[in-house]
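Biologist: I would like a close look at a single part of this model. Please take one helix and go through its residues and what they touch.

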Amino acid sequence: MIMLISYKAIMYLLIIPFVFWALDSLNINGIFKKNCIYKSRFLYLFVGVSISYLVVQFIFDFFAY
């Protein structure tokens, strides 16, 4: 069980930079109003963490069983 948690932590550390690198291609600021900088950054962070969670879960479900 502990080894599985450490493998997931390593996977998160590997996947998160790639997800944020891919999200850089989107213009999220164009969706928001002019002075909503913090809201757009929060959405960017939330979407990045959510996508990385989904990718890591997919990898573990696909290769674990």
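Modeller: What follows is an account of helix H2, with the rest of the chain brought in where it bears on that helix.

The model is a predicted one. The protein has two helices and zero strands. Its C-alpha atoms fill a box of roughly 45 × 20 × 15 Å along the principal axes. The radius of gyration is 15 Å, whereas a compact globule of 65 residues would have one near 11 Å. Buried residues account for 18% of the 65 residues. Of the contacts between residues at least 6 apart in sequence, 74% join residues at least 24 apart.

Helix H2 covers residues 37-64, which is 28 residues. At 1.5 Å a residue these should span 40 Å, and the C-alpha atoms at the two ends are 40 Å apart, so the expected span and the model agree. The buried residues of H2 are Ser40, Gly48, Ser52, Val56, Gln57 and Phe60.

Take serine 40 to begin with, which lies in H2. Serine 40 has a relative accessible area of 4%, and because buried means under 20%, this residue counts as buried. Leaving aside residues up to four places away in sequence, serine 40 touches Ile28, Asn29 and Phe32. The C-alpha atom of serine 40 is separated by 9.2 Å from that of glycine 30, ten residues away along the chain.

Glutamine 57 is another residue of H2. Its relative accessibility is 17%, so glutamine 57 is also classed as buried. With residues up to four places away in sequence not counted, glutamine 57 touches Lys8 and Tyr12. Lys8 appears again at phenylalanine 60: the charged end of lysine 8 sits over the ring of phenylalanine 60, 5.5 Å from the ring centre.

Phe60 also belongs to the largest nonpolar core, which has six residues: Ile15, Val19, Phe20, Leu23, Val56 and Phe60. Helix H1 (2-23) and H2 are the elements that give two or more residues to this core. H1 supplies the largest share, four residues.

The aromatic rings come next. There are four aromatic pairs in the structure. One of them joins phenylalanine 42 and phenylalanine 46, with ring centres 6.3 Å apart and planes at 15°; the pair is therefore stacked, since planes under 30 degrees apart count as such. Both residues are in H2, four residues apart, about one turn of the helix. An α-helix has 3.6 residues a turn, so residues three or four places apart point the same way. Phenylalanine 42 has a relative accessible area of 58%, which makes this residue exposed.

A further aromatic pair is formed by phenylalanine 62 and phenylalanine 63. Here the distance is 5.0 Å centre to centre and the angle between the planes is 85°, an edge-to-face arrangement. Phenylalanine 62 is exposed, at a relative accessible area of 52%. Phenylalanine 63 is exposed as well, at 65%. Ring pairs also bring in Phe58, giving a cluster of Phe58, Phe62 and Phe63.

To sum up, H2 has buried residues including Ser40 and Gln57, contributes to the largest nonpolar core together with H1, and holds the stacked pair of phenylalanine 42 and phenylalanine 46.

Conventions. Residues are numbered from 1 along each chain as its sequence is written. This is a predicted model: local features need pLDDT of at least 70, side-chain atom pairs count only at pLDDT 80 or more; totals for chains, interfaces and linings use all residues. Side-chain values use heavy atoms; hydrogens and water are left out. The expected span of a helix is 1.5 Å times one less than its number of residues. Buried means under 20% relative accessible area, exposed over 50%, partly exposed in between (1.4 Å probe, protein chains only). Rings of Phe, Tyr and Trp (its six-membered ring) pair if their centres lie within 6.5 Å; planes under 30 degrees apart count as stacked, over 60 as edge-to-face and the rest as tilted. A charge sits over a ring if NZ of Lys or CZ of Arg is within 6 Å of the ring centre and within 35 degrees of the ring normal. A nonpolar core is a set of buried Ala, Val, Leu, Ile, Met, Phe, Trp, Tyr and Cys residues joined through side-chain atoms within 4.5 Å. Contact means heavy atoms within 4.5 Å. The radius of gyration is taken over C-alpha atoms; the globule rule is 2.2 Å times the number of residues to the power 0.38.
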